[in-house]
Amino acid sequence: MNSELNFNSRFIQEFTPDSMAGATESTIVYHYTSPEAFLSIVQGKSVRFSDLRYMNDKSESFFFVKRLLEFCDENKEKYQHFIDVVNELLKENDYNKIKRLEIQDIRYKDFLGLRMEKQRNFIFCTSNDSDSLNMWNYYASNGKYTGYNIGFSVPKFLKTFDVDHDGTVDSFIIYYGNVLYKKKLQFEEIEELAKAVESFITKKPDKQSVQRAAISVRSYIELRGPFFKDESFRSENEFRFLFSIAEKRIPHNEDEAKKYFGQYNQRLKEGFCVKNGLVVPFMQVAIPEYSISRITMAPMTEYEIAKSSIKELLNVKGLRGTNDTEIPIFKSKIPIRF
C-alpha cells in the first residue's frame, strides 16, 4: 500500500510491505526514553539516531541475512538465478554462523567497477503504541516506572530531511516504516525481491547482470534489512527511521553540515556518547517545528508536579504542538500501584 505522504526529496522513502498500511498525515509514533534523555531532547531540540552497529539487539545488522539464507534454502528450485546472486554476494561468509547469529559482521564481495561506497546506517526507534507496559518496562528503576514518551507526527518529523525543491541531489537516504516481525510476511517480502532479480537475469543471463543484481541485493540488505526483526521483539510494535549516508560524507561539525540541503538538516552532525560502557557514535538530528504531538509520563509519575515542570520547560524552549498550540501532556493509564 502506498503512503499518502509526499516530500520534495526523492530520497525519503517508505518501507511499506503489502501486508501493512502506509503512514498518513495523521500518523503519530512514540519515542520512549529516560528522564535524562527526554530533557536532552527538549533542551537541544534534537534527537539521536543510534549507529546500527551498537544497537541493544546485537543481531540488528545481519538478522535479515539470516532470513534471506533461510528463504534460499526453502526455494532452491524456484529461484535459482536469485540464489546464485545471493551466493555470489555472500560467499565469503560462514552461512551456518549467520543462521545461528554467531557473527560480528557481514562480508560482501566487491565487484570490479561496481564497488559500493561504504555506508553508515543510523536508527531512530519509536513505537506505534502510545502507552505500552512492555516499553515502560525498559525504564523501570528500583521498582518504579520512570521515563517519558514523545509522540511525533511522522510527516512533520520527516520534514527535517526534506529539501527545498525537487531535483536536489541529497547526500543521504531516509527510510521509514513499520518493522516486520512475522517470518511468513518476511518471506513474502524477500520473494518479491527474488522475483525481480529472477526476471532481470532471465532477460540477460550474463556475468555483468549477476554482478549488478548482487549490488541491488546488497542495497536491499542495508536499507530495508533493518526493518526485519525476530518475532520475539513483536511486542515493541516498532516504527523506525533509518538514516543512511556514505561514511566519507558524514558531517562532523556545523561547517561540514552546511553542505546539506533543506531548511533544517544543515544541523546534522555526528556525535558520541557512552552506552553500556562503550563510547559509541550517533547522528544528531534537529526536531522540526511543531513535530511533537504529545508527551506521556510513565506509570507512577507524580503527575501534577511533573506536568507543571514540563510545561515550563516547553515554554522556555519555545516548543509548540502540531497546530501551534500547547503540547498536551498525559500520564500513563496503566494501573500500576507499586
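Buried means under 20% relative accessible area, exposed means over 50%, and partly exposed lies in between, with a 1.4 Å probe and protein chains only. The model is predicted, so local features need pLDDT of at least 70 and side-chain atom pairs count only at pLDDT 80 or more, whereas totals for chains, interfaces and linings use all residues. Residues are numbered from 1 along each chain as its sequence is written, and side-chain values use heavy atoms, with hydrogens and water left out.

**Exercise 1. Determine whether Lys 317 is buried, partly exposed or exposed, and place this residue in the structure.**

Step 1. The relative accessible area of Lys 317 is 26%, and Lys 317 is therefore partly exposed.

Step 2. Lys 317 belongs to helix α10, where helices are DSSP runs of H or I with at least four residues, strands are runs of E with at least two, and both are numbered from the N terminus.

Step 3. With neighbours within four places in sequence set aside, Lys 317 is in contact with Val 42, Gln 43 and Lys 45, contact meaning heavy atoms within 4.5 Å.

**Exercise 2. Check the length of helix α10 and describe which residues form its buried side.**

Step 1. The expected span of a helix is 1.5 Å times one less than its number of residues. Helix α10 has 15 residues (303–317) and should therefore span 21 Å, which agrees with the 21 Å between its end C-alpha atoms.

Step 2. The buried residues of α10 are Ala 306, Ile 310, Leu 313 and Leu 314. They cover an arc of only 95° around the axis, which puts them on the same side of α10; the arc is that of the directions from the helix axis to the C-beta atoms.

Step 3. An α-helix has 3.6 residues a turn, so residues three or four places apart point the same way.

Step 4. The buried residues of α10 pack against α1 (35–44), β7 (148–153), β12 (292–297) and β13 (329–331), while the face turned away from the buried side carries the exposed residues Glu 304, Ile 305, Glu 312 and Val 316.

Step 5. After α10 comes Gly 318, with a positive phi near 70°.

**Exercise 3. Explain which parts of the chain the salt bridge between Lys 118 and Glu 247 ties together.**

Step 1. A salt bridge is a side-chain nitrogen of Lys or Arg within 4 Å of a carboxyl oxygen of Asp or Glu, and the side chains of Lys 118 and Glu 247 meet in one at 3.8 Å, N to O.

Step 2. Lys 118 lies in the loop between α4 and β4, and Glu 247 in the loop between β9 (238–246) and α9 (254–257), so the pair ties together parts that are 129 residues apart in sequence.

Step 3. Lys 118 is exposed, at 52% relative accessible area, whereas Glu 247 is partly exposed, at 29%.

**Exercise 4. Decide whether the partners Arg 240 and Glu 238 are buried or exposed.**

Step 1. Arg 240 and Glu 238 form a salt bridge in which the closest N and O atoms are 2.8 Å apart.

Step 2. Arg 240 is buried, with a relative accessible area of 0%, and Glu 238 is buried as well, at 3%.

Step 3. Elsewhere, salt bridges that share partners join Asp 51, Arg 53, Lys 118, Arg 120, Glu 247 and Glu 270 into one network.
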